[in-house]
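Biologist: Please take one helix of this chain and look at it closely. Tell me what sits on each side of it, what comes just before it, and how it fits into the whole.

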Amino acid sequence: MRVIGVTEFSGPEALTVHEVPEPHAGPGEVRIAVKAAAVSPTDTNLVAGLYGTGELPPPHVPGMDAAGVIDEVGEPTPDLDTSRWHVGDEVMAIALPQRGHGGAYAEYLVADADSLARIPAGASLAQASTLPMNGLTAVQALDKLGLEPGQVLAVTGAAGTLGRYVISLAEQRGLTVIAEAADTDRDLVAAAGANHIVARGDDVADKIRTIYPAGVDGLVDAAVQNELALPAVRPGGRLATVRGWSGVPGSDVTVERIMVFDDYHRGDTLDALRRAVEDGVLTLHVADTLPAEQAADAHRRLAQGGTHGRLVLTF
Ligand SMILES: NC(=O)c1ccc[n+]([C@@H]2O[C@H](COP(=O)([O-])OP(=O)(O)OC[C@H]3O[C@@H](n4cnc5c(N)ncnc54)[C@H](OP(=O)(O)O)[C@@H]3O)[C@@H](O)[C@H]2O)c1
């Protein structure tokens with residue numbers, strides 16, 4: 001089968017087509033004929049070698065989000081019930097590029113039976129591919145912050161895929177949301193459900209404190225502003241970091257590290273995200289679709305910023 005991957009870590013130009021043996025669904029697994037794979041910042045990090053080589057041999061195949069059609073179903077096991085999946089089901093799945101079944105930039109992805117969900121009714125496979133990784137990340141971040149209805153959440157990088165999912169799910173939980181976004185992205189962030197919007201910049205904490213002088217209860221730092229964002233949070237509040245930041249020694253703000261890898265087996269949460277789309281809570285944004293062979297172009301466009309939705313590779 002065709003995969004898009006790298007044999008040496010470098011920039012986008014290292015992403016090329018490779019032929020590798022076709023995988024098959026074993027016990028507790030299904031095989032997905034991938035039609036769409038979303039392109040995310042984490043994929044560019046894998047290509048750059050920032051995640052190491054992992055446990056799989058080269059080519060190293062990026063991609064944490066797949067949507068496609070089940071074409072093989074393995075036998076059920078005591079832990080992994082495959083019986084609810086059928087050949088022909090349209091599904092979306094999270095993938096782990098450097099371990100297990102490998103990345104999603106592949107014609108076929110084998111997936112554990114509890115790592116996938118049906119795609120939302122009315123969504124295309126390209127749209128559905130934007131949901132698994134960042135949707136699960138948004139839920140994990142909100143769960144770890146543990147805010148109560150009426151409390152205030154700030155979101156940096158709010159116009160991005162993760163930021164917009166966080167805003168919409170936070171609104172559903174009854175939180176008040178203050179979002180940081182470029183002036184050109186204000187409408188996107190408002191449509192996602194933000195109550196307040198501050199202009200993007202290194203002074204993000206001051207701007208948030210202008211509206212909430214005592215500081216916010218929690219913050220999801222999707223723009224990875226770290227110590228620039230931290231002073232926006234009140235003493236005793238929490239900050240969710242998506243890039244493993246360790247915080248500032250002696251700070252009275254708790255830093256929660258978000259690791260979506262931990263949620264690979266949360267097909268139940270992914271199914272709740274499907275319902276959130278069908279209920280109009282979440283909106284799926286595809287910036288553009290490109291043939292998988294053009295993955296290098298997609299990575300260059302992502303690095304330039306301002307994509308306003310996810311770039312999606314098609315197979
Ligand atoms: N730990 C985990 O498990 C996990 C899981 C999922 C995602 N992540 C991480 O979460 C982050 C967000 O992911 P994403 O998919 O939402 O990315 P994205 O779609 O590219 O969104 C990032 C947003 O932040 C903005 N931004 C970038 N630099 C900024 C800055 N210095 N100040 C203010 N805004 C800035 C971007 O604007 P422009 O478009 O104009 O650049 C964009 O709106 C990424 O770093 C990703 O790797 C981590």
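**A helix with two sides**

Modeller: Start with the outer side of α6. Its face turned away from the buried side carries the exposed residues D206 and T210. Keep in mind that this is a predicted model.

Now turn to the other side. The buried residues of α6 are V204, A205 and I208. Look down the helix axis: these buried residues fall within an arc of 95 degrees, so they line one face of α6. What covers them? Strands do part of the job: the cover includes β8 (152-156), β9 (176-181), β10 and β11 (216-221).

Next, step back along the chain. The loop between β10 (196-199) and α6 (204-211) holds R200. Is R200 buried or exposed? R200 is exposed, because its relative accessible area is 63% and the cut-off for exposed is over 50%. Yet R200 still has partners. Leaving out residues up to four places away in sequence, R200 touches E180, A181, A182 and K207. For a sense of distance, take A222, which is 22 residues from R200 along the chain. The C-alpha atoms of R200 and A222 are separated by 12 Å.

Another helix makes a useful companion. Helix α8 (residues 295-304) has the buried residues A295, A296, A298, H299 and L302. Seen down the axis of α8, they fall within an arc of 160 degrees, so they too line one face of their helix. They pack against β1 (2-5), β3 (29-39), α1 (41-48), β14 (286-291) and β15 (310-314). After α8 comes G305, with a positive phi near 85 degrees.

Now zoom out. The chain has 8 helices and 15 strands. Of its 315 residues, 54% count as buried. Take the contacts in the chain with a separation of 6 or more: residues 24 or more positions apart account for 66% of them. The C-alpha trace spans about 60 × 40 × 35 Å along its principal axes. Does the overall size suit a compact globule, or depart from one? A compact globule with 315 residues would have a radius of gyration near 20 Å, and the chain has 19 Å, which agrees.

Last, the surface and the charges. The accessible surface of the chain comes to about 12800 Å², and 49% of that belongs to carbon and sulfur atoms. The chain has 23 positive and 42 negative charges, and their mean positions are 4 Å apart.

Note on methods: Residues are numbered from 1 along each chain as its sequence is written. This is a predicted model: local features need pLDDT of at least 70, side-chain atom pairs count only at pLDDT 80 or more; totals for chains, interfaces and linings use all residues. Side-chain values use heavy atoms; hydrogens and water are left out. Helices (H or I, at least four residues) and strands (E, at least two) are DSSP runs, numbered from the N terminus. The radius of gyration is taken over C-alpha atoms; the globule rule is 2.2 Å times the number of residues to the power 0.38. Buried means under 20% relative accessible area, exposed over 50%, partly exposed in between (1.4 Å probe, protein chains only). Contact means heavy atoms within 4.5 Å. Accessible areas come from the Shrake-Rupley method with a 1.4 Å probe; for residues, only the protein chains shown count as cover. Lys and Arg count as positive and Asp and Glu as negative; His and the chain ends are not counted. The place of a charge is taken as NZ of Lys, CZ of Arg, CG of Asp or CD of Glu. The arc is that of the directions from the helix axis to the C-beta atoms.
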